[in-house]
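Here are my notes on this model, set out as numbered points. Please read them with the structure open.

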Amino acid sequence: MTIRCIAIDDEPLALQQIVAYIKKVPFLELAAQCQSALEARKFLSDNVVDAIFCDINMPDLNGMDFVKTLSAPPMIVFTTAYSEYAVEGFKVNAVDYLLKPFGLQDFQRAANRLKERMEHYSAADIPLSSLPPVLNSQDDTLFLKTDYRIIKVNISDIRYVEAMSEYLKVWIEGEAKPIITLLSMKKMEERLPANFMRIHRSYIINLDKIQEVNKNRVIMDADTYLPIGDLYKDAFQAYLDTKFLGK
């Protein structure tokens, strides 16, 4: 198992130390070293990582605020000389908190915690997406990050999207298992074209894939019956009315 990570610190010597420690841990792979959160943000816009070692007190944008701006942050280890940030760090679900000055033993402890977290997600078959899906500017495809991969998806092949806590299951035509990605229903709904409709707080469907509508359920196939939520019933009925033939 390899954990791709970046190190962020505005102090050159502190950054060099973290980089040196990363290189001493066999399962850590250094993807980048950044001297500001803004530099890191630019890197993350085009790259996927599993973990960030992030200083908190930095000019322009401090590490804590930087992590809060990430819609789907990877695993975080905060590094700082100020102990008062510890509680706030764990509020944003940081894996660990390293108080400067720290040695290799402390760093190894944090790295082991990253590894344990990674193994936990892998055993549970939950993806560790570090960023939200990469959405193509074209209307016919999008890219989803899952299981450390980026998968190209033809939007027309999506049958329906199912909410699962902080993750989404994207069910694809002809595939037995869904793509699981870290993303909100709202963001997915905004990205999908007009032939997709939200029929329930937990479901967005491809209207072209409907086989039957039975009372308050949409039947996608012999094994898939999706409920129509009360909040979405009127909009869905209005869609049906535009397609309905007969008395």
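1. Terms first. Helices here are DSSP runs of H or I with at least four residues, and strands are runs of E with at least two, numbered from the N terminus. On that count, the protein chain has seven helices and 15 strands. The model is predicted.

2. Confidence. The mean pLDDT of the protein chain is 84. Of its residues, 85% reach 70 or more. The weak stretch is residues 124-138, where the pLDDT is below 50. Beyond near neighbours in sequence, this stretch still has 50 contacts in the model. Where pLDDT is low, predicted coordinates should not be read in detail.

3. Overall figures. The protein chain has 247 residues, and 46% of them are buried. Its accessible surface comes to about 13300 Å². Carbon and sulfur atoms account for 49% of that surface. Take the contacts between residues at least 6 apart in sequence: 50% of them join residues at least 24 apart.

4. The largest nonpolar core. This core has 23 residues. Those with the most contacts inside it are Ile3, Ile22, Leu28, Phe53, Phe107 and Leu114. Five elements each give it two or more residues: the strands β1 (3-8), β3 (51-55) and β4 (75-80), and the helices α1 (12-24) and α5 (104-123). A second core, separate from this one, has 22 residues, among them Ala32, Leu44, Ile56 and Leu61.

5. Leu114. Which residues does Leu114 touch, not counting those up to four places away in sequence? They are Ile3, Ala51, Phe53, Met75, Val77 and Val95. Ile3 and Phe53 also appear with Leu114 in the list of residues with the most contacts inside the largest core.

6. Helix α1. This helix has 13 residues. From first C-alpha to last it reaches 19 Å, close to the expected 18 Å. Its buried residues are Ala14, Leu15, Ile18, Val19, Tyr21 and Ile22. They lie on the same side of α1, because they cover an arc of only 160 degrees around the axis. The face turned away from that buried side carries the exposed residues Leu13, Lys23 and Lys24. Note that Leu13 is in that exposed set.

7. Helix α2. Buried here are Ala37, Ala40, Phe43 and Leu44. Seen down the axis, they fall within an arc of 115 degrees, so they line one face of the helix. What do they pack against? Their partners are β1, β2 (28-34), β3 and α3 (63-69). Leu44 also belongs to the second core.

8. Val49. This residue lies in the loop between α2 (37-44) and β3. Is Val49 buried or exposed? It is buried, because its relative accessible area is 0% and the cut-off is under 20%. The C-alpha atoms of Val49 and Ile3 are separated by 7.7 Å, although the two residues are 46 apart along the chain.

9. Ser202. Here is another buried loop residue. Ser202 sits between β11 (196-200) and β12 (203-206). Its relative accessible area is 16%, so it counts as buried under the 20% cut-off. Leaving aside neighbours within four places in sequence, Ser202 is in contact with Val161, Glu162, Ala163 and Met185.

10. Glu166. This residue is in the loop between β8 (158-164) and β9 (167-172). Glu166 is exposed, with a relative accessible area of 58%. Even so, Glu166 touches Leu182 and Leu183, not counting residues up to four places away in sequence. Its C-alpha is 8.8 Å from that of Thr181, 15 residues apart in sequence.

11. Backbone points to check. Most residues other than glycine have a negative phi, and most peptide bonds are trans. Asp60 has a positive phi of about 70 degrees. It lies in the loop between β3 and α3 and is exposed, at a relative accessible area of 72%. Lys215 has a positive phi of about 55 degrees. Its place is the loop between β13 (212-214) and β14 (217-221), and Lys215 is exposed too, at 76%. The peptide bond from Lys100 to Pro101 is cis, with omega near -5 degrees. Pro101 is found in the loop between β5 (96-99) and α5.

Technical notes:
Residues numbered from 1 in each chain as written. Predicted model: local features only at pLDDT ≥ 70, side-chain atom pairs only at ≥ 80, totals over all residues. Heavy atoms only, no water. Core = buried A, V, L, I, M, F, W, Y, C linked by side-chain atoms within 4.5 Å. Buried < 20%, exposed > 50% of the residue type's maximum accessible area, 1.4 Å probe, protein only. Contact = heavy atoms within 4.5 Å. Areas by Shrake-Rupley, 256 points an atom, 1.4 Å probe, with all protein chains shown as cover. Expected span 1.5 Å × (residues − 1). Arc of directions from axis to C-beta. pLDDT = per-residue confidence, 0-100.
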